[in-house]
Structures are given as structure tokens and as C-alpha cells.
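Subject: Structure handover

Hello,

Here is the structure I promised to pass on. Please open it first, then read my notes below.

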Amino acid sequence: MTEKELALDICKTRCWDSSNPHQQSVDMVRATFFQADVDGDGWLNEQELEAAMEDIGSKKSDAPKLMAAASSTQDGYMDVYDFIRWSYSGKAAASRALKAMQRS
């Protein structure tokens, strides 16, 4: 199973298994999400997403496109599972962001 497939499976089941060898990578993405969730409501709005992208060295101007692509509710907010699914989606912007998260 690839890391991407594993991350999607973890999102699907919402089960976190610390014995899983890929868990560290998923935990890093989760930590990035919760650090960006400044108001602590469990959702990222576009402003929080812009700040997170800027923090990891990505273009904050990509935030509206990312939000549109990743939000399962399409209401201008994304939860941690949306963020993880997007991070491992294989899209060019997601791959760049994931690499940036791993460096930071």
C-alpha cells in the first residue's frame, strides 16, 4: 500500500494507528492543520489556510483554489480529513505543500 493510499484509508476510517510506519507523515500533516486552526474550531477558513501556506513557503494566493479543490462541504471551510486527503492527492500543489511541510 502506498503512503497516499494509506493516508486516504486513515482518513476514511478516522482511525489513527501509531504503530503504522506511515503514521509519522500523516501526523505531521495533522499537526500542520491544527497549528493553522488559529481559532480552534476544527475547521480552516480561507484566511487560516493562507497563513498556513505562507508559513510552509507556498503561495498564499493559491488558497482559494486549494479550498475549492479540498473542501468536502464546499462552504469555504475544510476539516482535518479534507486537508489530509488533499495533501496526499498527488496534485502538483499538494505535492509541493507536502514537501514543504516535511522540511519545516
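Start with Ala-36. Setting aside neighbours within four places in sequence, Ala-36 is in contact with Leu-44, Glu-48 and Ala-52. Ala-36 lies in helix α2. Is Ala-36 buried or exposed? Its relative accessibility is 9%. The cut-off for buried is under 20%, so Ala-36 counts as buried. Gln-47 is eleven residues away from Ala-36 along the chain, and their C-alpha atoms are 9.5 Å apart.

Please keep in mind that this is a predicted model.

Now the overall layout. The chain has six helices and zero strands. From the N terminus, the order of elements reads α-α-α-α-α-α. The chain has 104 residues, and 40% of them count as buried. Take the contacts with a separation of 6 or more: 46% of these come from residues 24 or more positions apart.

Next, the core. The largest nonpolar core has 25 residues. Which of them touch the most other members? They are Val-29, Leu-44, Leu-49, Leu-66, Met-78, Phe-83 and Met-101. Five elements give two or more residues to this core: α2 (23-36), α3 (46-55), α4 (63-70), α5 (80-87) and α6 (92-103).

Leu-66 is a good place to look into that core. Leave out its neighbours within four places in sequence, and Leu-66 is in contact with Leu-49, Met-53, Ser-71, Met-78 and Trp-86.

Leu-66 also belongs to the buried set of α4, along with Ala-63, Met-67 and Ala-70. Why do these residues sit on the same side of α4? They cover an arc of only 100° around the axis, and that puts them on one side of the helix. The general rule behind such a pattern is that an α-helix has 3.6 residues a turn, so residues three or four places apart point the same way. The cover over the buried residues of α4 includes α3 and α5.

How do α3 and α4 pack? Their axes are 9 Å apart, at an angle of about 115°. The crossing of α3 past α4 is right-handed. From α3, the contact uses Glu-46, Leu-49, Glu-50 and Met-53. From α4, Ala-63, Pro-64, Leu-66 and Met-67 take part.

Then look at the loop between α4 and α5. Two of its residues deserve a note.

Gln-74 is found in this loop. Most residues other than glycine have a negative phi. Gln-74 has a positive phi of about 55°, although it is not a glycine. Gln-74 is exposed, because its relative accessible area is 52% and the cut-off for exposed is over 50%.

Asp-79 is found in the loop between α4 and α5 too. Asp-79 counts as buried, with 13% relative accessibility. What does the side chain of Asp-79 reach? The partner is the backbone nitrogen of Tyr-81, at 3.1 Å. The atom on the Asp-79 side is a side-chain oxygen, and this contact sits at the start of α5.

That leads into α5 itself. This helix is mostly covered, with seven of its eight residues buried. Those residues are Val-80, Tyr-81, Asp-82, Phe-83, Ile-84, Trp-86 and Ser-87. Two names return here: Phe-83 is listed among the core residues that touch the most other members, and Trp-86 is in contact with Leu-66.

Best wishes

Technical notes
Residues are numbered from 1 along each chain as its sequence is written. This is a predicted model: local features need pLDDT of at least 70, side-chain atom pairs count only at pLDDT 80 or more; totals for chains, interfaces and linings use all residues. Side-chain values use heavy atoms; hydrogens and water are left out. A nonpolar core is a set of buried Ala, Val, Leu, Ile, Met, Phe, Trp, Tyr and Cys residues joined through side-chain atoms within 4.5 Å. Buried means under 20% relative accessible area, exposed over 50%, partly exposed in between (1.4 Å probe, protein chains only). Helices (H or I, at least four residues) and strands (E, at least two) are DSSP runs, numbered from the N terminus. Contact means heavy atoms within 4.5 Å. The arc is that of the directions from the helix axis to the C-beta atoms. A polar contact is a pair of N or O atoms within 3.5 Å; within protein, one must be able to donate a hydrogen and the other to accept it, and residues adjacent in sequence count only if both atoms are side-chain atoms. Axes are lines fitted to C-alpha atoms, for helices over the stretch in contact, and angles run from 0 to 180 degrees between N-to-C directions. A crossing is left-handed if the near helix is turned anticlockwise from the far one by less than a right angle, and right-handed if clockwise.
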